[in-house]
Amino acid sequence: MNLQPGQHIGKYIIEERIGSGGMAVVYRARHKQLQKDVALKMMHESIADDPDLLQRFLREAQIVSRLSHPNIVGLFDYDAENNQSFLVMQYINGRALKWHLRKRVLPLAEINTICTAIANALTYAHENDVLHRDVKPGNVIIAEDGTPFLTDFGLARVVSQGESSLSAGMIVGTPHYLSPEQASGEYEIGPAADIYALGVMLYEMVVGRVPFAAETPHAIVHDQIYTAPPRPTLVNPEIPADVEDVLMRVLEKDPSERYTTANDLMDAFNLAIQQSGLLELSEDRREIAAQSMAKLRKERVTPSRGTVEAEIDTGAVRDVLNDAGRLIASRFAPQVNNRVNQIRDAIRKVSDGEDRPYTPPTPDELEKQIQQRVERRVNARAGWRTHLVAFVVVNAAIFAVGAVGSSVGAAPIRLNIQQDLAAGDMAGAAAAEIGLVAAQQPWALVGLLLWLGGLMAHRLAVGALSSRVEDKRERMLMDALAKDYGPDWRSSITEGQYVRVEKGVDDYFCKVRVFQQHVIQFVFGSAAIVMLFGLLRPVLIEWSEYLALSPTTDGWAEVLGVIIQQPAFVPIILVWLVILSVHAFKTYTGKPINMEDELERERSLTYERHNTPHPAQQSDKRKNNLEDAPLPGVRLSADGELTNSTVDAWQNRK
């Protein structure tokens, strides 16, 4: 049900839509009699059609209604309208912490205030045997007066009584803030899972990045289970050792090794701040963290057999591209130089933006992009028009000169033929006839066809810059981002991830354009080959007659006669057609190999053959949940949570 402003739902009047998630849509509404704003959470129709889901969601509401805390968004009522249930909750006029983190870097005092308030709320909930299980910046609202509120207990579960809820026994949460025990699919989880998520938030705000920011949700979940978080002092050298110890402890894989309560975490954090004398954090810590992580990824030491696995040095690649770009730009068309610059910029953006959260372009940046696209389009069209004029003028001149030269040059050759015939020199006359026939052939047609193919390929490259193709590219990019990272990808990916997807889409369009140009080359090239054979045939006939008159040819005239009768161009065109077919298959059906998956598969097989434990395996008991088979595909809902299909796949595998 899509509610509109002014619509009446029970005792409430809808004011505006303020948010949506995987299970519900949230509206700001006003109580008719009390004239008080509330947050109305309307369940999706799919839940209303399932009595079991509806009953379990009601139990979720009963769980949350037990909580009353100044930093927890309160639940006022539970009702239904037109067979659709909804919750009536406290309305907080403010924005989510996720929004604040995208817009600015929080000072140390504000970080302490927010995390202390959320820690108090979590400790209170845990004391009342309620787990949140999805603590993240998107579920923390900062009111206009600066008060933090913990909201969205939709995944909550009562611990001590073992009450079944909507999410009982499921792998739920958001991958970046998911505890290892949740990621492993363990049924029995405790307060340590919420404390871990709060620790990830604290790490993110203090260090400048989340501990794990891989390209896919699957990779993030894998890291949460198996990989130790990067030490804060390596990511951001300004972090004191005392603070690092606190952050590393709260992110321990074993729940028993973390802090007992969320308040214990913040007490330890405050003590570490005091002992280290840290007064403030630098405002550019995001950039520092991004640069540090890019540097750490250049070379990775593997723990097995002492081997060193070198990664791509993006700086060296950029240097090579710079040199190659200057060389190519000095010899070939500007379009090639632009492509080299695009590749070089893409590598730089991936390296620099690997761990920096994605931020949409500003209006000024969009205007700059528009101007650049239009400038490239106008310049490309002007270049093609110049090419067209040169094609017409040069070929017209060639044909005019050829026609004059053919008529002027033919006269002395005919005179030589007549003289040879009069003298009885039949071989000389035949040789002169070869020259006459060759001079009369329109050889320029072959060059015209080849040049025409190049002109059409140039026109295709210009068309690739049109607004229609650009719109298709943008729509494909948006679809690819939504497919890989979910509908809410703008708030969950890094700059590096965005650039990778963008580069993949650009590469696809480039491959298609190259294939289309190959088709044009095949058509005009094949026509030129056929025409060349047709022009050569009269010359070869005259040559065979000349060889027949010569007593020393030893049968070569017969051999040449056989060759003339055969369509010699057919094998060439067939081979080219096979190459074109392979190119089409690779362009439209070939899929790029995922190097990380291939490497991991090869490592597993190699260690298995040598009966050697895989370096990524942990002695921790949680590894047994996922080491027997590859992790199923991970998909996210619109609000960044693991989807039910992913949950079912993991549970079935267990």
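This passage walks through the overall make-up, the sheets, the salt bridges and a surface patch of a predicted model.

The protein contains 22 helices and 13 strands. Of its 654 residues, 41% are buried. The accessible surface comes to about 34100 Å², and carbon and sulfur atoms account for 57% of that area. Among contacts between residues at least 6 apart in sequence, 68% join residues at least 24 apart.

A good place to start is the open sheet of six strands, which follows the order 1-2-3-4-6-5 with antiparallel pairing. Strand 1 (8-9) and strand 5 (75-81) stand at its edges; each has a single partner strand, so one side of each is left without a neighbour in the sheet. Within this sheet, strand 3 (residues 24-31) is mostly covered, with six of its eight residues buried. Strand 3 runs antiparallel to strand 2 (residues 12-20), and seven bridges join the two. One pairing to look for here is that of E16 with R28, its bridge partner in strand 3. Strand 3 also pairs with strand 4 (residues 37-43), again in the antiparallel sense and over seven bridges. On this side, A24 has M43 of strand 4 as its bridge partner, while A29 is matched with V38 of strand 4. The hairpin of strand 3 and strand 4 has five residues between the strands, and Q35 there takes a positive phi near 55°.

A second open sheet is made of three strands in the order 7-9-10, with antiparallel pairing. Its edges are strand 7 (94-96) and strand 10 (148-150), each with a single partner strand, so one side of each is left without a neighbour in the sheet. From one strand to the next, the twist averages 30°. Strand 7 and strand 9 (residues 140-143) run antiparallel and are joined by three bridges; in strand 9, A143 is the bridge partner of G94. Helix 4 (residues 108-127) packs on this sheet, where it touches strand 9 and strand 10, and its direction makes about 35° with that of strand 10.

Turning to charged side chains, the structure holds 17 salt bridges. One of them links D152 with K41, whose closest N and O atoms are 3.2 Å apart. D152 lies in the loop between strand 10 and strand 11 (157-158) and K41 in strand 4, so the pair ties together parts that are 111 residues apart in sequence. D152 is partly exposed, with a relative accessible area of 23%, whereas K41 counts as buried at 15%.

Another salt bridge joins K503 and D507, with 2.9 Å between the closest N and O atoms. Both residues lie in helix 18 (residues 495-549), four residues apart, or about one turn of the helix. K503 counts as partly exposed at 35% relative accessibility, and D507 also counts as partly exposed, at 23%.

The side chains of R473 and E474 meet in a salt bridge as well, at 2.6 Å from N to O. R473 is buried, with a relative accessible area of 11%, while E474 is partly exposed at 29%. These two residues belong to a network of salt bridges that links R373, E470, R473, E474, E502 and D506.

Finally, the surface carries a nonpolar patch of about 320 Å², made by L388, V389, V392 and V393. Of these residues, V393 lies in helix 14 (residues 363-423) and is exposed, with a relative accessible area of 52%.

Technical notes. Residues are numbered from 1 along each chain as its sequence is written. This is a predicted model: local features need pLDDT of at least 70, side-chain atom pairs count only at pLDDT 80 or more; totals for chains, interfaces and linings use all residues. Side-chain values use heavy atoms; hydrogens and water are left out. Patches are made of residues with over 30% relative accessible area and no salt bridge: like charges are joined within 9 Å, nonpolar side chains (Val, Leu, Ile, Met, Phe, Trp, Tyr) within 5 Å. Accessible areas come from the Shrake-Rupley method with a 1.4 Å probe; for residues, only the protein chains shown count as cover. A salt bridge is a side-chain nitrogen of Lys or Arg within 4 Å of a carboxyl oxygen of Asp or Glu. Buried means under 20% relative accessible area, exposed over 50%, partly exposed in between (1.4 Å probe, protein chains only). Two strands pair if DSSP finds at least two bridges between them. Axes are lines fitted to C-alpha atoms, for helices over the stretch in contact, and angles run from 0 to 180 degrees between N-to-C directions. Contact means heavy atoms within 4.5 Å.
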